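Trainee: I want to test the labels on this model one by one. Can we set each value against its cut-off?
Mentor: Go ahead.

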Amino acid sequence: MPDLSRLASPTLLLAVLVAAILVIALAASAASALTRRRRETKSLSAIDFVRTSFASQLARGVPMGELLLQMVEALRDGFKLDAAELWLCEGGSLRLAAAEPRAERQPIPITPAEEAIAANAHVSSASWARVWMPALLEGRDHATLRLAPVSNSGQLFGLVVAERARKGESLATEVDVTLEEVARELGVALKKAHLDSSLQESLAQLRRQAAELQASRGRLVAAADAERRRIERNLHDGAQQHLVALSVKVRLVEQLAERDPERARSLMNQLQDDVRSAIEELRSLAHGIYPPLLSSAGLGVAMSAACRNAPLPASVEAGGVGRHAPEVEAAVYFCCLEGLQNAAKHAGAGASARVRIWEEAGGLLFEVSDDGAGFAPTDHADGAGLTNMRDRLGAVGGSMRVESDSQGTRIQGVVPVSAPNTNRTPAVAPDRAG
C-alpha cells in the first residue's frame, strides 16, 4: 500500500507556496494602491488649495504673497521636495515671489519672445530651462527639476519650480500631472486677480477724475462769479461814472446854451473828449471779456496783438491755423495769455517768450515758452494761473503739461477739435510780433 504522507508532502508545499505568492501579490497591490492614493491625496490637496482656498482667501483680502507661500508649502510638503518656488513674470523679468524653504534669487530678464514660448510650454525638465532660462539653473547642479509655466490665454504669469535630489528619477512621474493642474488653476486665479486689480485701478482713476472734475467745475463757477463781480465793479467805477458825468454836462449845456453860449461850447468840447474816454473804457472792458479781434480775425491775429502788449518781449507763430469753435479759440487764447503772464512773473529780467499755435492730428495745440531761469514745476503745480489754465482746457476736453529747467519753461496744451471751420475768417499772423 503506498505511503500517503509522502504523496501529500509535495502537494502541501505547492499549496503553501501558491498561497504565499497570492498573499505577497495582494500585499504589493494594496501597498501600490495605498501609495497611489497617498500621491493622489497630496496632489488633490495642492490643487484644491489653489482652486478653492486661494481664490476665496484672495477675495477676503489676504495678501497675495502669503497665499503664494502657502501654495509652495503645500507642494513641498505633499511631494517631499527639497524646494518649491513660484516665480512671477512682471515688467520684463521673472521675480521669485515665494519659496519654501525661503531663498533669495536675482530677477531673471525675459524677452517677449521667451514669454510667448514659456506660456505655451508644458511641464518641462532642466534641459528646457538650459535652453530658454539658463539663469534659473544657477546653484542647482545636482537636483532634478520640473518646471510648470503658469499662463492663461497665452499670457505668461509665472513659473512653478519643483526641485528634489533624492529619488529624482521618479519626480516627473509623481508631480507632473499635479504641477500642470496647479499651474493651470493658478493661471486662472492670477488672471482674475490681475483683472480685479486693473478694475480697481480704473475705478480709483475714475473716482479721482470725478473728484477733479467736480473741483474744476466748482472753480469755474467761482471764477465766473468773480468775473461777473469784476465786470460789475468796472462798469460801476468806470463806464457808469463816465456816463453820469456826460449826463451832468449835457444838462449844463442845455442850461447855458442861451445864457452863456461860450461856456456851453467849451462844455461841448469836453463832452467829445468824455465820450471818447467812455468808448475806450468800454472797449477795454469788452477786450477783457472776449477780444473783438479773436472773434473777427481768429487766434493768430488776436495773439499777435496780445504779444505786442505783453509785459515782456514776445513773438508768435500761428500761420495756417484755421477757425474753430469760439469756446475752443477762447480757451487757447486765454491760456496763452496766462502763459505770458507766468513768464513775466517767473522768467526773470531780460527774458523773452514765444507763443506757437498749430494743428496736428485732430488737435489744436499751443506752446508758450520762455528763455528764463525756469522753476520746479511742483513748486507751482497748484498755483492759480496753472490751475485756471487746466480748468479752461478741461472744460473743452483738453489737457496741458509744464516742463521747466535752467533753460526756461514750456507750457504745452492740446484741445481735440474737428476739421477747421472754413466759413469763418482764417487766423493769419506775422512770424514776429512786437
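Trainee: How many bridges join strand S8 to strand S10, and do they run parallel or antiparallel?
Mentor: This is a predicted model, so read every value as computed from it. Strand S8 (residues 363-370) and strand S10 (residues 408-416) are joined by 8 bridges and run antiparallel.

Trainee: What makes S8 and S10 a pair?
Mentor: Pairing needs at least two bridges between the strands. S8 and S10 have 8, so they count as paired. Leu-364 stands opposite Val-415 in S10. Gly-363 has Pro-416 as its bridge partner there.

Trainee: What joins S7 to S8?
Mentor: Here, 8 bridges join the two strands, which run antiparallel. The cut-off is at least two, so S7 and S8 pair as well. Arg-354 is placed opposite Ser-369 in S8. The two strands form a hairpin with 2 residues between them. In that turn, Ala-361 has a positive phi of about 50°.

Trainee: What is the strand order of the open sheet?
Mentor: The order is S6-S7-S8-S10-S9, 5 strands with mixed pairing.

Trainee: Why are strand S6 and strand S9 called edge strands?
Mentor: S6 (314-317) and S9 (399-405) each pair on one side only. From one strand to the next, the twist averages 10°.

Trainee: Which helices pack on this sheet?
Mentor: Helix H9 (residues 326-346) lies across S6, strand S7 (353-360), S8 and S10. H9 runs at about 10° to S8. Helix H10 (residues 384-395) packs on the sheet too, touching S8, S9 and S10. The direction of H10 makes about 150° with that of S9.

Trainee: How do you know that S8 is mostly covered?
Mentor: Count its residues: 8 of 8 are buried. Buried means under 20% relative accessible area. Gly-363, Leu-365, Glu-367 and Ser-369 point one way, while Leu-364, Phe-366, Val-368 and Asp-370 point the other way. Both sets are buried.

Trainee: Why do the side chains split into two sets like that?
Mentor: In a regular strand, side chains alternate between the two faces of the sheet.

Trainee: What makes Glu-163 and Arg-140 a salt bridge?
Mentor: Their side chains come to 2.7 Å, N to O. The limit is within 4 Å, so the contact qualifies. Glu-163 lies in strand S5 (residues 155-164), and Arg-140 in the loop between helix H4 (126-132) and strand S4 (144-152). The pair therefore ties together parts that are 23 residues apart in sequence.

Trainee: Are Glu-163 and Arg-140 buried or exposed?
Mentor: Glu-163 has a relative accessible area of 13%. Arg-140 has 6%. The cut-off for buried is under 20%, so both residues count as buried.

Trainee: Why is Arg-265 called partly exposed, and Glu-262 exposed?
Mentor: Exposed means over 50%, and partly exposed lies between that and the buried cut-off of 20%. Arg-265 is at 46%, so it is partly exposed. Glu-262 is at 54%, so it is exposed. These two residues form a salt bridge, with the closest N and O atoms 2.4 Å apart. They sit 3 residues apart in helix H6 (residues 261-289), which means a separation of about one helical turn.

Trainee: How do you know that Arg-410 and Asp-405 form a salt bridge?
Mentor: The closest N and O atoms are 3.3 Å apart, and the limit is within 4 Å. Arg-410, at 22%, is partly exposed. Asp-405, at 34%, is partly exposed as well.

Trainee: Which residues do salt bridges with shared partners join into one network?
Mentor: Glu-85, Arg-105, Arg-140 and Glu-163. The structure holds 13 salt bridges.

Trainee: What makes Ile-117 eligible for a nonpolar surface patch?
Mentor: A patch residue needs over 30% relative accessible area. Ile-117 has 31%, so it passes that cut-off and counts as partly exposed. Ile-117 is found in helix H3 (residues 112-119). With Val-131 and Trp-132, Ile-117 makes a patch of about 270 Å².

Note on methods. Residues are numbered from 1 along each chain as its sequence is written. This is a predicted model: local features need pLDDT of at least 70, side-chain atom pairs count only at pLDDT 80 or more; totals for chains, interfaces and linings use all residues. Side-chain values use heavy atoms; hydrogens and water are left out. Patches are made of residues with over 30% relative accessible area and no salt bridge: like charges are joined within 9 Å, nonpolar side chains (Val, Leu, Ile, Met, Phe, Trp, Tyr) within 5 Å. Accessible areas come from the Shrake-Rupley method with a 1.4 Å probe; for residues, only the protein chains shown count as cover. Helices (H or I, at least four residues) and strands (E, at least two) are DSSP runs, numbered from the N terminus. Buried means under 20% relative accessible area, exposed over 50%, partly exposed in between (1.4 Å probe, protein chains only). Axes are lines fitted to C-alpha atoms, for helices over the stretch in contact, and angles run from 0 to 180 degrees between N-to-C directions. Contact means heavy atoms within 4.5 Å.
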